[in-house]
Amino acid sequence: MVNYKKEIKGDSMNPQVFGKEHLIYIFVSITVAIIACILAKRLAKTDKAKTIVIKIAAAILFIIIFTNRLALVFEYEKADWMKLITDSVCSTSSYVLSISLLIGKKDNKILHFIWLVALGGGVITTFYPNFIGQHPSFLYPPTILGMMHHTWSAIVIILVFLMDHLHLTYKKWYCTLFGFTSYLAYGAFLMCVLKYNNPLYMTGPAIDGTIFTIWVMIPIYLAVYILIILIVEIIRKRKKLR
């Protein structure tokens, strides 16, 4: 999720969560996700083809998130190149996910951490984009590109599982520890060295008026992660017993 300062609350002239523009966006996003999954499943029959699908999806995500950051750089009359540096959990995750898929191997360790962050953040922000009212136009570049990189990151994760590019297992639990340690170190660098105000939601919530700082999101992530891994392992063991 994005914590844009320019968000305008209570202005009925601006796009609203579950307003007309947002509902159309959700419908289009679901349609795109379904089409992408159907095409990927029908066209990618070999391991090589599946890898190509993942690389293409990752490249699209990288282009979207990079374009989103450029839109923020040129948001005002004077370009602010520091905005190329991601300072939110989701934008950072979109970069990490796209790069790990572009240059990493199948089932790489970064994927074992980033998949749930990207999927959760992508789905939540698609349905509740707290920055949607920052400008009167829904097509305002920072708005639409911000929504697109969240949504596409979730679609990419769905494709990752559909293409058998990631195998969940409790044996890779340490990847989560390494991932969040790296995020916290990165956030500390942004805050202490580059003087960012609220990097990765370390000092304030992702959504104003809520408790969702990174210190709250990490325990929630871990609880959901453990539950999913338990379910996967139970299903796997039952299949072996058949």
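**Figure 1. Helices α3, α4 and α6 help cover the buried residues of α7.** In this predicted model, the cover over the buried residues of α7 includes α3 (89–103), α4 (109–127) and α6. The buried residues in α7 are I214, I218, Y221, Y225, I229 and E233. An α-helix has 3.6 residues a turn, so residues three or four places apart point the same way.

**Figure 2. Helix α7 from end to end spans 40 Å.** Helix α7 runs over residues 214–241 and has 28 residues. At 1.5 Å a residue, the expected span is 40 Å. The C-alpha atoms at its ends lie 40 Å apart, so the two values agree.

**Figure 3. K55 sits in helix α2.** Helix α2 covers residues 47–73. Is K55 buried, partly exposed or exposed? Its relative accessibility is 26%, and K55 therefore counts as partly exposed; the range for that class lies between 20% and 50%. Leaving aside residues up to four places away in sequence, K55 touches L101, L102, I103 and G104. F127 lies farther along the chain: K55 and F127 are 72 residues apart in sequence. In space, their C-alpha atoms are 26 Å apart.

**Figure 4. W173 lies in a loop between two helices.** The loop joins α5 (141–162) to α6 (174–192). W173 has 52% relative accessibility, so it counts as exposed; the cut-off for that class is over 50%. A57 and W173 are 116 residues apart in sequence. Their C-alpha atoms are separated by 26 Å.

**Figure 5. The whole chain is built from seven helices and zero strands.** Along the sequence the pattern reads α-α-α-α-α-α-α. The radius of gyration is 18 Å, close to the 18 Å that the globule rule gives for 242 residues, so the chain is as compact as a globular protein of that length. Its C-alpha atoms fill a box of roughly 60 × 40 × 30 Å along the principal axes. Buried residues account for 45% of the 242 residues. Take the contacts between residues at least 6 apart in sequence: 75% of them join residues at least 24 apart.

**Figure 6. The surface and charges of the chain.** The accessible surface is about 13100 Å². Carbon and sulfur atoms make up 73% of that area. How many side chains are positive, and how many negative? The chain carries 25 positive and 12 negative ones. The centres of the two sets are 15 Å apart.

Notes:
Residues are numbered from 1 along each chain as its sequence is written. This is a predicted model: local features need pLDDT of at least 70, side-chain atom pairs count only at pLDDT 80 or more; totals for chains, interfaces and linings use all residues. Side-chain values use heavy atoms; hydrogens and water are left out. Helices (H or I, at least four residues) and strands (E, at least two) are DSSP runs, numbered from the N terminus. The radius of gyration is taken over C-alpha atoms; the globule rule is 2.2 Å times the number of residues to the power 0.38. Buried means under 20% relative accessible area, exposed over 50%, partly exposed in between (1.4 Å probe, protein chains only). Contact means heavy atoms within 4.5 Å. Accessible areas come from the Shrake-Rupley method with a 1.4 Å probe; for residues, only the protein chains shown count as cover. Lys and Arg count as positive and Asp and Glu as negative; His and the chain ends are not counted. The place of a charge is taken as NZ of Lys, CZ of Arg, CG of Asp or CD of Glu. The expected span of a helix is 1.5 Å times one less than its number of residues.
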